[in-house]
Amino acid sequence: MIPGLRIRHGRALTTIFGAIVLAAMLAACGGGDDASTNVDPATLATTVKVTTKDNSFSPNRITVAAGKEITFELNNEGSAIHNMNVKMDGKDTISNPDAIKAGQTGKLVATFSKAGTYDFKCDFHPAEMTGKITVK
Ligand SMILES: [Cu+2]
């Protein structure tokens, strides 16, 4: 046996063991089927890039923290006009501009005061272009 090999082998085992322990610890923290239930709101981004296409949002499932100003940076990669309209407390909160042309960008700035699920859509394609924002 070459001593050097043995050491390397030992290190590899330690790394693998460490990974298993870490995975077990992460799994122990779980409880729900939805991976996002384990998200610490403090680690969530306050700037979210959203691409609009013909005719969908990418991503169309977004998780943000409550009580923080969130900026959705919209980039229209489609050939049609799109926008983003978030339903908050029964009111429409619409991107600026409210009609984003092909190749253009826009923004939607919003603060979600309460945790929950909020629907969003494109006003030009409300049947196809929808999504959900989970606020933690
Ligand atoms: Cu649209």
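## Two open sheets and a shared nonpolar core

In strand E9, the residue that forms a bridge with Phe120 is Gly131. This pairing belongs to a predicted model, and it is a useful place from which to begin reading the sheet that contains E8 and E9.

Strand E8, residues 116–121, and strand E9, residues 130–135, run antiparallel and are joined by six bridges. Phe120 is also the partner in E8 of Val86, and the strands concerned there, E5 (residues 85–88) and E8, are again antiparallel, with two bridges between them. These pairings are part of an open sheet of five strands, whose order is E3-E9-E8-E5-E6 and whose pairing is mixed. At its edges stand E3 and strand E6 (91–94), each of which pairs on one side only. On average, and with direction ignored, neighbouring strands in this sheet are turned by 30 degrees against each other.

The other sheet to consider is open as well, with four strands in the order E2-E1-E4-E7 and with mixed pairing. Strand E2 (56–58) and strand E7 (105–111) each have a single partner strand, so one side of each of these edge strands is left without a neighbour in the sheet. Here the average turn between neighbouring strands is 25 degrees, direction ignored.

Within the four-strand sheet, E1 (residues 47–53) and E4 (residues 69–76) are parallel and share six bridges. Lys49 has Glu73 as its bridge partner in E4, while Thr51 is bridged to Asn75 of E4. E1 and E2, by contrast, run antiparallel and are joined by three bridges, and the hairpin that leads from E1 to E2 does so through two residues. One of the bridges between E1 and E2 links Lys53 with Ser56.

The strand pairs described so far can be set side by side as follows.

| Strand pair | Direction | Bridges |
|---|---|---|
| E5 and E8 | antiparallel | two bridges |
| E8 and E9 | antiparallel | six bridges |
| E1 and E4 | parallel | six bridges |
| E1 and E2 | antiparallel | three bridges |

From the strands the description can pass to the nonpolar residues. The largest nonpolar core has 18 residues, and those that touch the most other members are Val64, Phe72, Leu74, Met84, Val86, Leu108 and Ile133. Two or more residues of this core come from each of strand E3 (61–64), E4, E7 and E9, and E4 contributes the most, with three residues. Val86, already met as the residue bridged to Phe120, is thus among the core members with the most contacts to others. For Val64, when residues up to four places away in sequence are left out, the contacts are Leu44, Val48, Ile70, Phe112, Ile133 and Val135.

A last residue, Glu128, lies in the loop between E8 and E9. Is Glu128 buried or exposed? With 12 other C-beta atoms within 10 Å, and with 12 or fewer as the limit for being exposed, Glu128 counts as exposed. Leaving aside residues up to four places away in sequence, Glu128 nevertheless touches Asn55 and Ser56, and Ser56 is the residue of E2 that is bridged to Lys53. The C-alpha atoms of Glu128 and Phe57 are separated by 9.4 Å, although these two residues are 71 residues apart along the chain.

Technical notes. Residues numbered from 1 in each chain as written. Predicted model: local features only at pLDDT ≥ 70, side-chain atom pairs only at ≥ 80, totals over all residues. Pairing = 2+ DSSP bridges. Axes fitted to C-alpha atoms, helices over the stretch in contact; angles between N-to-C directions. Core = buried A, V, L, I, M, F, W, Y, C linked by C-beta atoms within 7 Å. Buried ≥ 20, exposed ≤ 12 C-beta atoms within 10 Å, placed from the backbone. Contact = placed C-beta atoms within 7 Å.
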